[in-house]
Amino acid sequence: QVQLVESGGGLVQAGGSLRLSCAASGRTFSNYAMGWFRQAPGKERDFVATINWSGDSTYYADSVKGRFTISRDNAKNTVYLQMNSLKPEDTAVYYCAASRDRARGYHYWGQGTQVTVSS
């Protein structure tokens, strides 16, 4: 089992920045690819970004490319999502997730952290 706990959400004005953190515990963190997802009210959960086990490969949804940066610190068992130039449409609950094989999906999820961007 892997336990994931997100933090860093909050209320920010459009154009502002936030950094989300996701602390992992349980099994060896560096064995897992990590991802960030988000779910806005009344909408499905959408992919935001992912990073491989070593941190040298990342991939982003088009909607956040150039504004968000995913990174990880395996020594601290933590993955981050730096969010810049935030827009009201970025408002959502943000979830981190862990996967041993992304082709098979993400198997472990955090409880989520709310991000609200005001216009």
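**Reading strand pairs and a disulfide**

Guide: Start with one residue: R38 has D46 as its bridge partner in β5. Keep in mind that this is a predicted model.

Visitor: Which residue is the bridge partner of R38 in β9?

Guide: Y94 is the partner on that strand. To read a strand, list its partners by name, then go to the strands that carry them. For R38 this gives D46 in β5 and Y94 in β9.

Visitor: How many bridges join β4 to β5, and how do the two run?

Guide: Six bridges join them, and β4 and β5 (residues 45–51) run antiparallel. For β4 and β9 (residues 92–99) there are seven bridges, again in an antiparallel pairing.

Visitor: What do β4 and β5 form, and how many residues lie between them?

Guide: They form a hairpin with five residues between the strands. When reading a turn, look at the backbone angles too: G42 has a positive phi of about 75°.

Visitor: Is β4 mostly covered or mostly uncovered?

Guide: Count residues against the cut-off, which is under 20% relative accessible area for buried. In β4 (residues 33–39), six of the seven residues are buried, so by that cut-off the strand is mostly covered.

Visitor: How many disulfides does a search of the whole structure find?

Guide: One. The test is a pair of cysteine sulfur atoms within 2.5 Å. C22 and C96 have their sulfur atoms 1.9 Å apart, so they count as a disulfide. The link is right-handed, with 45° about the S-S bond.

Visitor: Where do the two cysteines of this pair lie in the chain?

Guide: C22 is in strand β3 (residues 18–26) and C96 is in strand β9; the pair links distant parts of the chain, 74 residues apart.

Visitor: Are C22 and C96 buried or exposed?

Guide: Both are buried.

Visitor: What is the order of the strands in the open sheet?

Guide: Read a sheet by pairing, not by chain order. Here four strands give β1-β3-β8-β7, and the pairing is antiparallel. The edge strands, each paired on one side only, are β1 (2–7) and β7 (68–73). From one strand to the next, the twist averages 15°.

Visitor: How many bridges join β1 to β3, and which residue stands opposite C22?

Guide: Six bridges join these antiparallel strands. E6 stands opposite C22 in β3. C22 thus appears in two readings: opposite E6, and in the disulfide with C96.

Methods. Residues are numbered from 1 along each chain as its sequence is written. This is a predicted model: local features need pLDDT of at least 70, side-chain atom pairs count only at pLDDT 80 or more; totals for chains, interfaces and linings use all residues. Side-chain values use heavy atoms; hydrogens and water are left out. Buried means under 20% relative accessible area, exposed over 50%, partly exposed in between (1.4 Å probe, protein chains only). Two strands pair if DSSP finds at least two bridges between them. Axes are lines fitted to C-alpha atoms, for helices over the stretch in contact, and angles run from 0 to 180 degrees between N-to-C directions.
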